[in-house]
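Open the structure in your viewer and get ready to select a few pieces one after another. Each stop below tells you what to pick and what you will find there.

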Amino acid sequence: MARSWTFGKKIAAGFAAAALLSLLIGVIGVYGLMTVVASKDRVLEVEAQNLVDAEKLHGTVEGRSAGARGYLLLREERFLEQNESALATFTATLTRLKMRAYTDDGKHLLDLVERGDTEYQAALGRVITLRKTDAALDAVVRAFESDVLPKREALDQAVSAYAALDQRLLDEGKKAATDQASLVTTVVVSLSLAVLLLSVGIAVVLTRTLSRQIGSAVQHVQSSSSELQASANQQATGAKEQATAMNEITTTIRELLATSKQIAEGAQRVAHIAEETATAARSGEQTVSKANDAIGGIKRQVELIVNHMLDLGKKSQQIGGILEIINELAEQTNILAINATIEAAGAGESGKRFAVVADEIRKLADRVGGSTKEIRGLIDEVRAAVNTTVMTTEGGTKAVDAGARQFSDVATGFRQIVSLVSTTTEAAREIELSTKQQSTAVEQVNVAVANVAQATRETEASSSQTLQTASELTNLSGDLMRLVQPQANA
Amino acid sequence: MNETHVVESKAAELRRAFDLSFALLPPQVSQEVEDLLTIRVAGDPYAIRLRDIAGLVAGRRVVPVPAVTLDLLGLAGIRGGVVPVFSLSSILGYAEQASGSPRWMILCGAEEPIALAVSDFEGHLRVPKSSLHIEENPRATRVGRGSQYVNQVASTDAGVRAVISIPLVVATIRNRSGHRRPSKEQ
């Protein structure tokens, strides 16, 4: 548990233990001093006062004795007053002594003093009474010596015994106070030595513990500061690279911003062109619809042409038939003319004119035959042309149908174009809006990147500062290590 | 439109020629000309003197009859009589074509007429007699087969055309028929 204490706790615990021991020493010293002072005070206030009062009892006894002697000698009243004053003093002193008496011996001796005083005062009263009776001085002196002096000596002895007891108690009190003071001194010195030893032990333990722990911590701090130095180096390098990257990012973002603006402008142009395209497509659709109607008309006209051509073919075929008849007639005419020529040749001279006519008829028939051949050729050409025209027209019809379908497809395509262009317009507007938002976002990103670049520069500066601080921390940890464990670096 | 003009001009030409034939004097037939009929036998051009034949008919139906010679195609009714029809191409030595009966028939002889069937009749041709040459060696002219029936050739603008001697042909037919015709007594 103590291992988990902090340095402050350990140092505070050490100082608290030392302070507690010092406080104990102080308490013990104060207690001993107070005890000694009390003992001295008691010695001074009780024992010394008792001894003074005991001496005062001797004095008052002497004064009473002196007053009684003077009255006995001179019979003057003032000596009796002196005797009574001394008695009052003696009584008051004895009363105080009895009040302060705390030992049995003292109380017993004071009882003996009081008893002796009573006897002395009774003996003395009798002598004084005797003196007042005009008795002989000698009798008085004898009575005094026989009756008062023994009482007085007994009282003096009792007072001396009490004084000796007080003197003994005073000496014992002095000795007890001295012993108490010596004991307190010994205890305080012992405790001081113990506190000193304990303080030294705590200091040694704290020093070793703190040195070990601080040394370990300093080593950790040293390695950590080295790592921090390396990290600061890396951080500084990274911050430089990051600053370079931020500059590149800023340039790229500017280009991106310009590109976004171009895209927005392009999208706007696209939207405009798409609207124009939609208009053109609608116009084209109408045109295609009109063209489709025109193609329908063309188709009907072509069908009419085909029908007319078919009629023409039939007519030409009929002409061919008629021409066959004409040709046959011409052929027959030719045959007739030839036969007429033969017959005319056989008819002699009279047949010559007939032969001429027959020859003319034959020539005419030949020409008719040639003409019919030519006409047949022409009719064949016409029929071929008609067939070609019909086929071409049918092809045209098919082409017109295909064209109509294609026009329908084109119209559908135009409608799809209109729809798609509408979609394109919306998309272009969305692109424009998105690109504007993107431009705004890119500007914000640019500002943010500028802030980041600023932060990166600050980080770079901070990294340099951190590096410097780490170096200083490394030096400081080395110094601290040398301070804590000199042998470690020696 | 051009064809229409051609037809119209052709008709006008015919009309004019026809009218002109009646408007002009009749031309004098020269004695120095020869009338020929131009035909083609198996594609080879031949000519026949008009004065050698008795007539020309077309499109008559030929009724096949049993015969010992391939030259006889059958019988046909011509000018109120039954006339035997012979194949001129077969007589000239051409292989018989299987394209049906020839359309043209050349009538020969007056008393016992016979008809020579010809598939292609081209027309009438009048040439000066000076253009007719007696062919000594008809094979040398290479005018076609049947050189034994060709005694003249006619030089025309279209080339040389062999002139078939109808009397020789008829004589040949009559000779063949006379030798092989069975007697009435038989």
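Select strands E10 (residues 150-156) and E11 (residues 159-164) of chain B: they pair in the antiparallel sense over six bridges. Helices and strands here are DSSP runs (H or I, at least four residues, for helices; E, at least two, for strands), numbered from the N terminus, and two strands pair if DSSP finds at least two bridges between them. To see one matched position, show Val150(B), which stands opposite Ile164(B) in E11(B). Strands of a sheet pair through backbone hydrogen bonds, either parallel or antiparallel.

Before moving on, a word about what you are viewing: this is a predicted model, in which local features need pLDDT of at least 70 and side-chain atom pairs count only at pLDDT 80 or more, while totals for chains, interfaces and linings use all residues. Residues are numbered from 1 along each chain as its sequence is written, and chains are lettered from A and ligands numbered from 1 in the order in which they are written.

**The sheet around E10 and E11**

Now widen the selection in chain B. In which order do the six strands of the open sheet lie? The order is E8-E1-E2-E11-E10-E9, with mixed pairing. At the edges you find E8 and strand E9 (132-134) of chain B, each of which pairs on one side only. From one strand to the next, the twist averages 35°; such angles run from 0 to 180 degrees between N-to-C directions, with axes being lines fitted to C-alpha atoms, for helices over the stretch in contact.

**A covered strand: E6 of chain B**

Next, select strand E6 (residues 104-108) of chain B. Five of its five residues are buried, where buried means that 20 or more other C-beta atoms, placed from the backbone, lie within 10 Å of the residue's own (12 or fewer would be exposed, and in between is partly exposed). In a regular strand the side chains alternate between the two faces of the sheet. On one side of E6(B) look for Trp104(B), Ile106(B) and Cys108(B), and on the other for Met105(B) and Leu107(B); both faces are covered.

Which strands does E6(B) join? Four bridges link E3(B) to E6(B) in an antiparallel arrangement, and Ala58(B) has Trp104(B) as its bridge partner. E6(B) and E7(B) also run antiparallel, joined by five bridges; here Cys108(B) is partnered with Ile114(B). Five residues lie between the strands in this hairpin, where Gly109(B) takes a positive phi near 80°.

Follow on to strand E7 (residues 114-118) of chain B, which pairs with E5(B) in the parallel sense over three bridges. Ser87(B) has its bridge partner, Ala117(B), in E7(B). Then add strand E4 (residues 72-78) of chain B, which pairs antiparallel with strand E5 (residues 81-87) of chain B over six bridges. Leu72(B) is matched with Phe86(B) there. Two residues separate the strands of this hairpin, and Arg79(B) has a positive phi near 55°.

**Into the core**

Show Ile48(B), Phe86(B), Ile106(B), Ala115(B) and Leu116(B): of the 51 residues in the largest nonpolar core, these touch the most other members. A nonpolar core is a set of buried Ala, Val, Leu, Ile, Met, Phe, Trp, Tyr and Cys residues joined through C-beta atoms within 7 Å. The largest share of this core, six residues, comes from H4(A).

**Across to chain A**

Colour the two chains differently. How many residues of chain B are in contact with chain A? There are 23, touching 22 residues of chain A, with contact meaning that C-beta atoms, placed from the backbone, lie within 7 Å. H1(B) gives the largest share of chain B's side, eight residues.

Finally, select chain A, which has six helices and zero strands. Pick helix H4 (residues 137-346) of chain A and helix H5 (residues 351-484) of chain A: they pack at an angle of about 175°, with their axes 1 Å apart. That makes H4(A) roughly antiparallel to H5(A), a label for angles over 145 degrees (under 35 is roughly parallel, 65 to 115 roughly perpendicular and the rest oblique).

How values were computed
Contact = placed C-beta atoms within 7 Å.
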